[in-house]
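Let's take a walk through this structure together. Keep the 3D view open as you read, and turn it whenever a new part comes up.

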Amino acid sequence: RRLRTCWDNMAFTLYSLIQAAILCVNAVAVLHEERFLTKIGWGVDQSVGGFGDEPGIKVQLMNLVRSVRTVMRVPLIAVNSVCIVLLLLFG
Amino acid sequence: MDLPHHGYRASKQRGRAAPPAGDSVLFEDTSSAAPAMNNQGYYTPGYNMGGTSNDMQGGAGVNNLFTDPMANAAMMYGSSLANQGKDMVNKEISRFMSVNKLKYFFAVDTRYVLKKLMILMFPYTHQDWEVRYHRDTPLTPRQDVNAPDLYIPTMAFITYILLAGMALGIQKRFSPEVLGLCASTALVWIIIEVLVMLLSLYLLTVHSDLSTFDLIAYSGYKYVGMIFTVLCGLLFGSDGYFVALAWSSCALMFFIVRSLKMKILPSLSSDSMGMGSSAKPQLRLYITVATAVFQPIIIYWLTSHLVR
């Protein structure tokens, strides 16, 4: 019995991976530019650093957040709507 | 896809009486004589399906072909449709990933596979870990034993799934859903690991030439260690499992560190960025070591339930 529950806890399915991915991308997409990111110093206008060839981790992370928000805005609307409908129908 | 058509043509010439039209499209009718005709049909690739009929046999069989023009027309239409479908599928797939790059990873031979498996299990005596290049393109795995390939990870993954099914069957815990669950769990862990690696390489602006397929290959090599561990666990019990786990973990950690060190860590003689990169080699080293340390953890996580 105990072994069975241990196996069930760790068993991933592709569906759970998709769920986790959707949740993470949603979390990145709700970070508002002016209300939140500039307040903590992560706005995009604060990322123009030195003109060296190697931007730091923080700049890369800010660029990543901004690009994820720009690219995934419209697909996320569609994916979230589909998820809401499916969860309402099938629980 | 032209070969069955040629076989069909050859069989049609030999005996019009025996098989009906739709019967032996996939199987050559070798019941009658002259297999040489079959060979001729194979060696002339099908540029013009109508014209090869004259080349194959002297003159006597020509009449047999044109007795059924509808079948000829249908066959030519079908073959052209199949070619169109094939082209379309190739075009669509090549939009997402380049098939040539994928073919590079499967260009292996027996000698390479044997040497690579030995290196994976015992990497301590291997001297030269550089991936050799040939005018800016990396050599195929056939010519360079250090090149990553995708054949071994794929086969090892499938073997691991089969072994997991067998191990669960020995413990009488088997059911077909568990097999699919095991497969998708292992696949999910590979995807997670590759994504984390890609993210960390991007954040630290490591300009290496590690493509996604390379990372998939390197993270798929742990399945060889897993298979070895599970086998020892099944054969020799719990003690054998832990001994094999320790052995394959050390070997795999050594292998990963030595392989990725060449690609991730900068060669100190190339560029002389003094100030900005003081933190960089450390972080790159952390990435390499973290990848290596992750391997035994995931091996234990994915195999411990199989050998209790």
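**Two chains and their pockets**

With five residues, α9(B) gives the most to the lining of the second largest pocket. Before we go on, bear in mind that this is a predicted model.

Let's stay with that second largest pocket for a moment. It holds about 330 Å³ of space. There are 14 residues lining the second largest pocket, and the ones closest to its centre are B:L150, B:T154, B:L187, B:I190 and B:I216. Which elements of chain B supply at least two residues each to this lining? They are α8 (151–170), α9 and α10 (212–220). If you sort the lining residues of the second largest pocket by chemistry, you get 12 nonpolar, two polar and no charged.

Now move over to the largest pocket, which has a volume of about 720 Å³. Three elements give two or more residues to the lining of the largest pocket: α2 (14–29) and α4 (57–71) from chain A, along with α9 (176–203) from chain B. So you'll want both chains in view for this one. Its lining is made of 21 residues, and those nearest the centre of the largest pocket are A:A21, A:C24, A:V25, B:L195 and B:L199. Which element provides the largest share of this lining? Here, too, look at α9(B), which contributes eight residues to the largest pocket. As for chemistry, the lining of the largest pocket comes out as 20 nonpolar, one polar and no charged.

Since α9(B) keeps turning up, let's check its length. A helix is expected to span 1.5 Å times one less than its number of residues. For the 28 residues of α9(B), that should give 40 Å, and the end C-alpha atoms are 41 Å apart, so the two values agree. Just past this helix, look for B:T205, which follows α9(B) and has a positive phi, near 45 degrees.

On the other side of α9, find B:K172 in the loop between α8 and α9 of chain B. B:K172 isn't a glycine, yet its phi is positive, about 60 degrees. Is B:K172 buried or exposed? Its relative accessibility is 73%, and the cut-off for exposed is over 50%, so B:K172 counts as exposed.

For a contrasting case, head to B:T303 in helix α12 (residues 280–303) of chain B. This threonine has a relative accessibility of 0%, so B:T303 counts as buried. What does the side chain of B:T303 reach? Follow it to the backbone oxygen of B:I299, at 2.6 Å.

Time to zoom out to the whole of chain B. It has 12 helices and two strands. Trace it from the N terminus and the elements run α-α-α-α-α-α-α-β-β-α-α-α-α-α. Of its 308 residues, 44% count as buried. The unreviewed UniProt entry annotates residues 150–171, 178–204, 224–257 and 283–302 of chain B as "transmembrane region". Let's see what the model shows for two of those spans. Residues 150–171 of chain B are 91% helix and 0% strand, with end C-alpha atoms 32 Å apart. Residues 178–204 of chain B are 96% helix and 0% strand, and their end C-alpha atoms lie 39 Å apart.

Finally, turn to chain A. How many helices and strands does it have? You can count five helices and zero strands in chain A, and along the sequence they give the pattern α-α-α-α-α. Of the 91 residues of chain A, 15% count as buried. Here the unreviewed UniProt entry puts its "transmembrane region" annotation on residues 12–32 and 71–90. In the model, residues 12–32 of chain A are 76% helix and 0% strand, with 32 Å between the end C-alpha atoms. Residues 71–90 of chain A are 95% helix and 0% strand, and there the end C-alpha atoms lie 29 Å apart.

One last stop in chain A is A:H32, which sits in the loop between α2 and α3 (33–37). Its relative accessible area is 31%, which means that A:H32 is partly exposed. Now find A:R66: A:H32 and A:R66 are 34 residues apart in sequence, and their C-alpha atoms are 9.9 Å apart in space.

Conventions. Residues numbered from 1 in each chain as written. Chains lettered and ligands numbered in written order. Predicted model: local features only at pLDDT ≥ 70, side-chain atom pairs only at ≥ 80, totals over all residues. Heavy atoms only, no water. UniProt positions renumbered as here; feature names shortened; annotations may be inferred. Helix = DSSP H or I, 4+ residues; strand = E, 2+ residues; numbered from the N terminus. 1 Å grid on protein atoms, 1.4 Å probe; cavity = no way out; pocket = protein on both sides within 12 Å on 5 of 7 lines; lining within 4 Å. Points joined across faces, edges and corners; volume = space filled by probe spheres on them. Nonpolar A, V, L, I, M, F, W, Y, C, P; charged D, E, K, R; others polar. Buried < 20%, exposed > 50% of the residue type's maximum accessible area, 1.4 Å probe, protein only. Polar contact = N/O pair within 3.5 Å; in protein donor to acceptor, adjacent residues only side chain to side chain.
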